[in-house]
Amino acid sequence: LLNATLVIPEIQESTRSKQISYKFKSFAYLYDEEQFIASLKNDVNIVKSLPEHLKAARRSNEFPIFKPKNSASPNFYIKEILPNLKKAKVVGLIITEGGCLQSILPPSMSEFQRLRCRVAFHALQFRSEIQTLGRQMVERLRAWGQPFLSYHPGLVRDTLAYHGCAELFQDVHTELIQYRRAQMIRQEIISDELNVDSHVQRENGSCPLMPEEVGLLLRAMGYPSKTILYLAGSQTFGGQRLLIPLRAMFANLVDRTSLCSKTELSDLVGPETPLPSDIFQLPRPKSESEIKEEWSRAGPRPRPLPPPPERRIYPHEKEGWYGWITETDKEPNPSPRDLRMQAHRLLWDALDYIISVEADAFFPGFNNDGSGWPDFSGLVMGQRLYERASSRTYRPDRKTIAALFDITRGNMYHPKHDWTLSVKEHLNKSLSEEGLIRQSLLSKPNSFLSHPLPECSCRISSLELTKQTEGKDGRVLYGDEHECPIWMQSAEAVGVRNDGVESAEDDNDVVEQQERNGPDFTTSLTSPIDHDEEWDPND
């Protein structure tokens, strides 16, 4: 759009200041630089760094810096950034909201949308070590001889604070969410009150589904206790305690630590400079002379007895990242170890992303939250839709699910048969065209990549035009695909096209045909769940 040269971006969490391995630069810590440059050579000129005569000017911050919002329009770049670019020759963009251009562009800019597809699904490839380990993890899951489901809880502190879901947690986690929410109010990220009713937020669908609730939903769908569940996400706010009910229902709940050895994970991270040990040190004991001096300065007698000595603080009480909240009202700056762990989480999320895209089924705990921030589940659902529109991707309506759980809150583990049927009906609809349309209407205005149809698909000339489906706002949800370029219509490309990028309507037909004529994912694992009200789920 600006006719500018792009310098390879830096990822905030993976710069050298975050203590990452000296083996990598920022972008190459996660992605394949050469693939990125080669894939976009016909679209954008990309260089690995600024010319030498401009590096000094960058270090002294002589270039204008912009922080565009994820809703910025093309006019913002033409009118605000382009004049500065022509004048200074270099401008910097700091992307803080997961995007820098509005999701839906006018029809005249359809080629820019297709460029987004090429960047997201072809140019941005994880570096080879991540892809290799990710494929090995998928093979280890397949070696069990049955399909597996990937589940991402979506329990992130910032998102929970944004929506006011603190009361759904307990003890220190509630305080941590409220502290972060107060920060957001001061930074004018949100304009709501500090204290909100979390249960009302949950009923509105603004809070995530808890792991226990997801386990009950999957069991209502007929997934047996031996189903393999892969837990995606580099961290789950609330800790392992929240996962106890889910593990009780599904014993084969695994994550990256279950599938990879410590050596494999450390090799992925690369050689790192050792950090100083962060072990808590007890205060130095006072000498006898210091005690006597304090006693003499204590004032006239009679004096109260001195307070008892402070209780010893043991190391296990200080190791948690939340330990500060018991001693101070201000959150300390991240330690070098914390910064390094933030960089590591990028790698763990990359592994989980690969597995979630390849999974036989995917269940999001929290997506379409409306904050406008990028969310893991939304990106996975968009990639699965792009690669295999017929893949089994659940798109639950959290507001409907909350209402269903309110009906049976007192008897969640022994629900009535009609409740089970209601859950199955809702989740089956979320797999179908109805769920696809709802996903598009809710998520695409905030994130183009969460529903990349029809812009990221094309039609080979030998296929008939698919039925065009429009939303309430008149926007095309799928169908009306452009004809594929000639170079894609070779025999090999047609084979790939038929396997992975069929139209959404055709893929829904495939799902329906499988459900009628052959075993689907759940029926291949378990017998039907048509039991009476007295059925014991533990049998």
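**Exercise 1. Find how many bridges join β5 to strand β8, and in which direction the two strands run.**

Solution. Strands here are DSSP runs of E with at least two residues, helices are runs of H or I with at least four, and both are numbered from the N terminus. β8 covers residues 361–364, and four bridges join β5 to β8. The two strands run parallel. One bridge partner pair is Y151 with F363 of β8. The model is predicted: local features need pLDDT of at least 70, side-chain atom pairs count only at pLDDT 80 or more, and totals for chains, interfaces and linings use all residues. Residues are numbered from 1 along each chain as its sequence is written, and side-chain values use heavy atoms, with hydrogens and water left out.

**Exercise 2. Place β5 in its sheet and state which strands stand at the edges.**

Solution. Two strands pair if DSSP finds at least two bridges between them. Four bridges also join β5 to β6 (residues 228–231), again in parallel, and S150 stands opposite Y230 in β6. Two bridges join β8 to β9, which run parallel; there F362 stands opposite T393. The open sheet of five strands therefore reads β7-β6-β5-β8-β9, with parallel pairing. β7 (253–254) and β9 (392–393) are the edge strands; each has a single partner strand, so one side of each lacks a neighbour in the sheet.

**Exercise 3. Decide whether strand β5 is enclosed or open to the outside, and explain why.**

Solution. Buried means under 20% relative accessible area, exposed over 50%, and partly exposed in between (1.4 Å probe, protein chains only). In a regular strand the side chains alternate between the two faces of the sheet. On one side of β5, F148, S150 and H152 are buried. On the other side, L149 and Y151 are buried too. Five of the five residues of β5 (residues 148–152) are buried, so β5 is largely enclosed by the rest of the structure.

**Exercise 4. Describe how helix α16 packs with helix α17.**

Solution. Axes are lines fitted to C-alpha atoms, for helices over the stretch in contact, and angles run from 0 to 180 degrees between N-to-C directions. α16 (residues 398–407) and α17 (residues 417–431) pack at about 175°, and their axes are 11 Å apart. Angles over 145 degrees count as roughly antiparallel, under 35 as roughly parallel, 65 to 115 as roughly perpendicular and the rest as oblique, so α16 is roughly antiparallel to α17. Contact means heavy atoms within 4.5 Å. α16 contributes T400, I401, L404, F405 and I407, while α17 contributes W419, S422, V423 and H426.
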